[in-house]
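I opened the notebook with a few things to look up: the pockets, one helix, an aromatic pair and two single residues. Here is what I wrote down, in the order I went.

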Amino acid sequence: MQIALIGATGFVGSAVLAELLQRGHQVAALARNPAKIAAQPGLTVVQASAQDAAQVAAAVKGQDAVVSAYSPGWAEPDLYNQFLQGSRAIVQGVCQSGVRRLLVVGGAGSLFVAPDLQLVDTPNFPVEWKAGALAARDALNEIRTVSALDWTFLSPPILLQPGERTGQYRLGTDAPLMNGGQPGSISVADLAVAIVDELENPRHVQQRFTVAN
């Protein structure tokens with residue numbers, strides 16, 4: 001397939017890029033600074049800002065699907081607003097482009113740990129992650145109202161970490177997957193496997209899902 005990838009230089013995005021290319025897909029990576037992405041067979045780098053809907057629309061037009069691993073970065077002082085601004089521009093741009101398939105990588109904070117209680121609202125949720133988690137939750141709520149796209153929203157498990165690619169994972173929906181009494185985890189390489197699997201064989205269109213090893 002021809003896949004547009006937003007956030008290709010990030011922790012998740014770089015793993016998704018590697019998985020897509022390994023499987024033989026053609027990737028158009030959007031980047032404000034194309035020099036940050038090394039040339040590889042099957043990869044085209046397109047200069048575009050994820051916070052500009054018109055630039056997103058022009059960059060992704062004609063692609064089979066768009067994957068957004070967008071994040072302004074945890075060190076961004078205005079993380080909540082910057083995250084939402086980018087998320088909205090991406091959704092708007094993809095809608096304008098005529099591409100229907102959009103897979104968004106969000107956060108675990110919007111997963112339900114009890115009825116009517118999301119992880120981000122629990123007392124011990126790390127304060128340094130809260131702005132990003134709240135923005136990702138709001139982005140999920142907003143994309144749920146978009147009927148013009150075949151969207152999918154992937155919430156990683158509570159623990160997302162470096163590690164080997166096993167190609168194995170479990171699927172969940174709106175609650176965090178657990179490993180006995182401990183939070184579930186996954187390597188970023190296996191998260192990328194789940195993302196590309198969903199692109200190749202859609203199972204969660206207009207749905208959120210989660211994964212863990």
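**Entry 1: the largest pocket.** Before counting classes I fixed my terms: Ala, Val, Leu, Ile, Met, Phe, Trp, Tyr, Cys and Pro count as nonpolar, Asp, Glu, Lys and Arg as charged, and the others, Gly among them, as polar. I also reminded myself that this is a predicted model. With those classes, I found 28 nonpolar, 16 polar and 3 charged residues in the lining of the largest pocket. I noted its volume as about 1,300 Å³. The lining takes in 47 residues, and those nearest the centre are Ala-69, Tyr-70, Ser-71, Gly-73 and Trp-74. I then asked which elements give two or more residues to this lining. They are helix H1 (11-22), strand S2 (26-31), H3, H4 and strand S9 (159-161). H4 provides the largest share, with 4 residues.

**Entry 2: the second largest pocket.** Next I turned to the second largest pocket, and its volume came out at about 160 Å³. I listed 14 lining residues, with Ser-87, Arg-88, Val-91, Ala-139 and Ile-143 closest to the centre. Two or more residues each come from H3, S5 and H4. Here H3 gives the largest share, 5 residues. By class I have 10 nonpolar, 2 polar and 2 charged residues in this lining.

**Entry 3: helix H3.** Since H3 had turned up in the linings of both pockets, I looked it up on its own. H3 covers residues 79-97, which is 19 residues. From first C-alpha to last I get 27 Å, close to the 27 Å expected at 1.5 Å a residue. Which residues of H3 are buried? My list reads Leu-79, Gln-82, Phe-83, Leu-84, Gly-86, Ser-87, Ala-89, Ile-90, Val-91, Gly-93, Val-94 and Ser-97. While reading that list I kept the usual geometry in mind: an α-helix has 3.6 residues a turn, so residues three or four places apart point the same way. Among the elements that cover the buried residues of H3 I found strand S1 (2-6), helix H2 (53-60), strand S4 (65-68), strand S5 (101-105) and helix H4 (127-143). Just after H3 comes Gly-98, and I noted its positive phi, near 90°.

**Entry 4: the aromatic pair.** How many aromatic pairs does the structure hold? I found 1. Tyr-70 and Phe-83 make up this pair, and I logged it as tilted, with 6.1 Å centre to centre and 55° between the planes. Tyr-70 sits in the loop between S4 and H3, while Phe-83 is in helix H3, so I put the two down as 13 residues apart, in distant parts of the chain. Both partners are buried. Tyr-70 was already in my notes, as one of the residues nearest the centre of the largest pocket.

**Entry 5: Ser-49.** I found Ser-49 in the loop between strand S3 (43-47) and H2. Is Ser-49 buried or exposed? I call Ser-49 buried because its relative accessible area is 14%, and the cut-off is under 20%. Beyond its neighbours within four places in sequence, Ser-49 has contacts with Arg-32, Gln-55 and Val-56.

**Entry 6: Asp-150.** My last stop was Asp-150, in strand S8 (residues 150-155). Asp-150 has a relative accessible area of 26%, so I noted it as partly exposed. Setting aside neighbours within four places in sequence, its contacts are Arg-100, Arg-101, Leu-102, Val-205 and Gln-206. I also checked Asp-150 against Pro-162: they are 12 residues apart in sequence and 30 Å apart in space, C-alpha to C-alpha.

Conventions: Residues are numbered from 1 along each chain as its sequence is written. This is a predicted model: local features need pLDDT of at least 70, side-chain atom pairs count only at pLDDT 80 or more; totals for chains, interfaces and linings use all residues. Side-chain values use heavy atoms; hydrogens and water are left out. The expected span of a helix is 1.5 Å times one less than its number of residues. Buried means under 20% relative accessible area, exposed over 50%, partly exposed in between (1.4 Å probe, protein chains only). Contact means heavy atoms within 4.5 Å. On a 1 Å grid over the protein atoms alone, a cavity is a set of points where a 1.4 Å probe fits but cannot get out, and a pocket is an open set with protein on both sides within 12 Å along at least five of seven lines; lining residues have an atom within 4 Å of a point. Grid points are joined across faces, edges and corners, and a volume is the space filled by probe spheres set on the points. Rings of Phe, Tyr and Trp (its six-membered ring) pair if their centres lie within 6.5 Å; planes under 30 degrees apart count as stacked, over 60 as edge-to-face and the rest as tilted.
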